[in-house]
Amino acid sequence: MARRQRRRRLPAEPITIDIHDLSHDGRGVGRHEDKVVFVHSALPEERVHARLTGRNRRFDDALTLAVDVSSPDRVEPECPWFGNCGGCALQHLQHPAQLKWKQSRLEENFRRIGQVKPNEWLAPIQADPWHYRRRARLSARLVQGKGRVLVGFREIGGRYVADIERCSILDRFFSDRLMSLSDLIGSLSIPDRIAQIECAAGDHSAAIVIRHLEPLTDEDHQRLIEWSSAQSIDGQPLGIYLQPKGPDSVHLLTPETHELSYHLERYQLDLKFHPQHFIQINSEVNQQLIDAALTLLELDSNDRVLDLFCGLGNFSLPIARRAAHVVGVELESALVDAARDNAVRNELNNAEFVSADLTAASDSLDFMNTPYDAVLIDPPRSGAAEILPLIAASNAPRVVYVSCDPATLARDAGTLVQQHGYTLESAGIADMFPHTAHVESLALFTKP
Ligand SMILES: C[S@@+](CC[C@H](N)C(=O)[O-])C[C@H]1O[C@@H](n2cnc3c(N)ncnc32)[C@H](O)[C@@H]1O
């Protein structure tokens, strides 16, 4: 039945629809002919004309064509490609209202999923909402009809690469070079065999990783080398890495050596990273998030602290500056190595890093056998359910949870409060991904 419906042609006639809510991915929600419709670029309190773009058994998808009755929170999107490019979902909603919506999502998830409520709401952490994205995976596609290689985010719906010339959320260095990158890829011998370009910007350097599906020629290499030396930040040429196969095949093409790093001013730390490493995407918000997390942990110089899902030491090393000892735990051995290197680079000898799978059997996690004064966790979207019993068993009086998914944070908050006797003391959002529907948040759990 569902398949038959999907095959059925979508009506060409626009529908008129009243929007009453925003979905978790930032689409307006309305009803048409008794069916829920998710409408891109529409806001609550609006009446819009929309074109149906997809039909499912329980809901339809649509795209706003014109706004009949406009929300007081609607603003003109900064980006001319908004509504087509899938890189942003909320540019049409004024920025303070985006923050309000993100906090209400966190509140609602706490209530619905975790049945918890923080004693106190923290002020949202925020910074300049434009050109914040220092890491991005861009798609590349040679489109004959356009006569060029498109380099950018996927369009809404995900099938095509958006035809954009610059990007209001991408780091300025890359935004300004999108067209030049497109020309560069178009000039290679295999412009149709370049699948994606990963971009990473440090404070004083930048790099790209080009995923190519067939070998590049010597002439291609030469072109890339010339292009790299023409694009420099602070005198450092852009690093170009090539990826002919899986992630392990990534290697530096040019210059001979290249380094990416970011500085955490307040902690006098310089953290080195590789373009494929996980880093927090928004430099300014990251710095404030670290400050907020460390304030909530109430560290003193005698404390032993555990930092779970520690990556390359983004929280562990600032903690090491304030506490007696920190143990950082991370699954990816490349990140554990980077964290250890970063500790040495910053002359810290009170930070220890362990490689472990925090979803695995708990008895293999030796580092959990000692007590901690405070614990920080910053898990991936799936949350930290498996490790919560061990955190609780450690009796840490303060647990700060940094999260990129309010649903799993709410679930884990419910477990910490209802099963392990913690109190949800405070919580708030961090505007890590302005103009998108992603919600970053942090929460403090305490136990006497
Ligand atoms: C949201 S990132 C946070 C990284 C770091 N705290 C930071 O601020 O840069 C989540 C981290 O958890 C790691 N991770 C994912 N699954 C894991 C697992 N099962 N066990 C341990 N670490 C894991 C990822 O490799 C990633 O570095």
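# Core, sheets and ligand shell of a predicted model

The largest nonpolar core comprises 127 residues, and those with the most contacts inside it are A293, V305, V375, V400 and L442. Helix 6, spanning residues 283-297, supplies the largest share of this core, with 8 residues. The coordinates described here belong to a predicted model.

V375 is one of the residues with the most contacts in the core. Leaving aside neighbours within four places in sequence, V375 is in contact with L306, L308, I391, S394, A396 and V399. Two of these partners, L306 and L308, fall within strand 17, which covers residues 304-308.

**The eight-stranded sheet**

Strand 17 belongs to an open sheet of 8 strands, arranged in the order 6-22-23-21-20-17-18-19 with mixed pairing. At the edges stand strand 6 (120-121) and strand 19 (351-355); each has a single partner strand, so one side of each is left without a neighbour in the sheet. Helix 8 (residues 333-345) packs on this sheet, where it touches strand 18 and strand 19, and its direction makes about 170° with that of strand 19.

How is strand 17 placed with respect to the rest of the structure? Because 4 of its 5 residues are buried, strand 17 is largely enclosed by the rest of the structure. Strand 17 pairs with strand 18 (residues 325-330) in the parallel sense, over 5 bridges. Within strand 18, V326 is the bridge partner of V305, while V327 is the bridge partner of L306. In a regular strand, side chains alternate between the two faces of the sheet.

**The six-stranded sheet**

A further open sheet contains 6 strands in the order 8-7-9-10-13-14, and its pairing is mixed. Its edge strands are strand 8 (148-152) and strand 14 (251-254), each of which pairs on one side only. From one strand to the next, the twist averages 25°. Strand 9 and strand 10 (residues 206-212) pair in the antiparallel sense over 7 bridges, and I197 stands opposite I210 in strand 10.

The helices that lie across this sheet are set out below.

| Helix | Strands crossed | Angle |
|---|---|---|
| Helix 4 (residues 178-186) | strand 7 (135-143), strand 8 and strand 9 | about 135° to strand 8 |
| Helix 5 (residues 218-230) | strand 13 (239-243) and strand 14 | about 75° to strand 14 |

C199 lies in strand 9, which spans residues 194-201. Is C199 buried or exposed? C199 has 25 other C-beta atoms within 10 Å, and 20 or more suffice for a residue to count as buried, so C199 is buried. Apart from neighbours within four places in sequence, C199 is in contact with R135, A136, L138, F174 and I208. Among these, F174 is 25 residues away from C199 along the chain, yet the C-alpha atoms of the two are separated by 7.5 Å.

**The ligand surroundings**

Which residues are closest to the ligand? Of the 19 residues that surround the ligand, the closest are F309, G311, N314, L331 and L358. By class, the shell around the ligand has 11 nonpolar residues, together with 4 polar and 4 charged ones.

Key:
Residues are numbered from 1 along each chain as its sequence is written. This is a predicted model: local features need pLDDT of at least 70, side-chain atom pairs count only at pLDDT 80 or more; totals for chains, interfaces and linings use all residues. A residue is near a molecule or strand if its C-beta atom, placed from the backbone, lies within 6 Å of it. Ala, Val, Leu, Ile, Met, Phe, Trp, Tyr, Cys and Pro count as nonpolar, Asp, Glu, Lys and Arg as charged, and the others, Gly among them, as polar. A nonpolar core is a set of buried Ala, Val, Leu, Ile, Met, Phe, Trp, Tyr and Cys residues joined through C-beta atoms within 7 Å. A residue is buried if 20 or more other C-beta atoms lie within 10 Å of its own, exposed if 12 or fewer, and partly exposed in between; C-beta atoms are placed from the backbone. Helices (H or I, at least four residues) and strands (E, at least two) are DSSP runs, numbered from the N terminus. Two residues are in contact if their C-beta atoms, placed from the backbone, lie within 7 Å. Two strands pair if DSSP finds at least two bridges between them. Axes are lines fitted to C-alpha atoms, for helices over the stretch in contact, and angles run from 0 to 180 degrees between N-to-C directions.
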